[in-house]
Amino acid sequence: MDTSPLRDLRLRTPRLELRLGTRDELVELGRLAEGGIHPPETMPFSVPWTDGVGEPGFLVDFVAYHEGKLDEWSPEAWALGLLIWKDGQLVGTQELFSTEFTRRRGVGTGSWLGQAFHGRGIGTEMRAAMLELAFHGLGAAYAESSWLEGNEASRRVSAKLGYRDDVVNELSPRGTPVMQYGVRIDRTDWRCPFNLVIEALEPSTPLRRCLGTSPRRGERSLATEREKAVSRLRQDARASATASRRSRIASASAPRSSRRGSSASVSSPKTRSKSGVTR
Ligand SMILES: CC(C)(COP(=O)(O)OP(=O)(O)OC[C@H]1O[C@@H](n2cnc3c(N)ncnc32)[C@H](O)[C@@H]1OP(=O)(O)O)[C@@H](O)C(=O)NCCC(=O)NCCS
């Protein structure tokens, strides 16, 4: 599928920019991962991919994995891995994924930051940006996430953003069992802590086609609402220009005596009723 419309998508938070990366930027992201995402004695990921750091081909596999998500993209199953820049510096990545979005309206998220960027609120800000895209940009009904036992930072990000506890599983990413805590937030509980700027989501129909998020019947898209508002403003402006033109003409053609009178005397009933309707 042609996923090129996704390249125009940009999310801007007060401090961050989120967008897809080029191949060179994915290599840079891989180098950031090589520099360390977590202390070696811990494993925050259910698939322990960071254990491959230092092995031959790590960077090539890393880039191929990220590019593969776009190659395998379909509206029924997609994973949007946006890269995160803070003050022009690449700091990590935030993923939003879904299967059968049109039917389920559910999304999941995953993320990481280079270790040097932890603990500055970036993880919370980038997750919030993706949730805002999911809930208000795409019309998701709920979002899920999970954290592995001991991952206090991930637990706190979810808790601060309003997720509630959901399911508990056991996983063994490194062979030893650890608990995995699933959390969930519904659209009705979501409040974005900042104004998110979303570029190129609307009215880009090809992009919506990629995400399988064309508004359902009866559901009005943000673009439709905006277009209607602009059209109403234009109509108002046209009506008021017409009214004042008519008023000038009527004033110019009225007898001297009535021109001195109130403005009501120079407006024809037709003009008045028209401006009344459009205001
Ligand atoms: C999880 C992660 C993305 C969070 O991003 P972050 O920028 O570090 O988190 P924030 O600065 O927004 O902090 C969120 C909360 O976690 C707390 N926190 C951050 N790092 C912490 C740590 N090492 N130990 C305990 N709490 C921590 C913060 O204090 C904050 O809570 P508070 O507001 O109550 O003080 C980041 O830490 C990371 O990349 N970790 C390694 C990879 C990972 O765990 N990915 C998630 C897999 S599910």
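The following exercises, each with a worked solution, concern a predicted model of a chain and its ligand.

**Exercise 1. Describe the overall make-up of the chain.**

Solution. Begin with the secondary structure: the chain contains 9 helices and 9 strands. Next, consider burial: of the 279 residues in the chain, 24% are buried. Finally, consider the contacts with a separation of 6 or more: 62% of them are between residues 24 or more positions apart.

**Exercise 2. Determine which elements surround the ligand and what kinds of residue they bring.**

Solution. The shell around the ligand holds 22 residues, and those that come nearest are Pro-44, Gly-123, Thr-124, Ala-153 and Arg-156. Turning to the elements, β5 (106–113), α4 (122–137) and α5 (152–161) each contribute at least two residues to the shell. The largest share, 6 residues, is that of α5. By kind, the shell consists of 9 nonpolar, 9 polar and 4 charged residues.

**Exercise 3. Establish how the buried residues of α5 are arranged and what they pack against.**

Solution. First list them: Ser-154, Val-157, Ser-158 and Leu-161 are the buried residues of α5. Viewed down the axis of α5, these residues fall within an arc of 90 degrees, and therefore they line one face of the helix. Their packing partners are α4, β6 (142–148) and β8 (178–186). Just after α5 comes Gly-162, with a positive phi of about 105 degrees.

**Exercise 4. Compare the expected span of α4 with the distance between its ends, and assess how far the helix is enclosed.**

Solution. The expected span is 1.5 Å times one less than the number of residues. For the 16 residues of α4 this gives 22 Å. The end C-alpha atoms of α4 lie 21 Å apart, which agrees with the expectation. As to burial, 14 of the 16 residues are buried, so α4 is largely enclosed by the rest of the structure. Just after α4, Gly-139 adopts a positive phi of about 80 degrees.

**Exercise 5. Locate Thr-213, decide whether it is buried or exposed, and identify its contacts.**

Solution. Thr-213 lies in the loop between α6 (205–211) and α7 (222–253). To classify the residue, recall that burial requires 20 or more other C-beta atoms within 10 Å. Thr-213 has 22 C-beta neighbours inside 10 Å and therefore counts as buried. If neighbours within four places in sequence are left aside, the contacts of Thr-213 are Phe-101, Leu-138, Gly-139 and Arg-208. Gly-139 is the residue with a positive phi just after α4. Lastly, Ala-140 is 73 residues from Thr-213 in sequence, yet their C-alpha atoms are 8.9 Å apart in space.

Note on methods:
Residues numbered from 1 in each chain as written. Predicted model: local features only at pLDDT ≥ 70, side-chain atom pairs only at ≥ 80, totals over all residues. Near = placed C-beta within 6 Å. Helix = DSSP H or I, 4+ residues; strand = E, 2+ residues; numbered from the N terminus. Nonpolar A, V, L, I, M, F, W, Y, C, P; charged D, E, K, R; others polar. Buried ≥ 20, exposed ≤ 12 C-beta atoms within 10 Å, placed from the backbone. Arc of directions from axis to C-beta. Contact = placed C-beta atoms within 7 Å.
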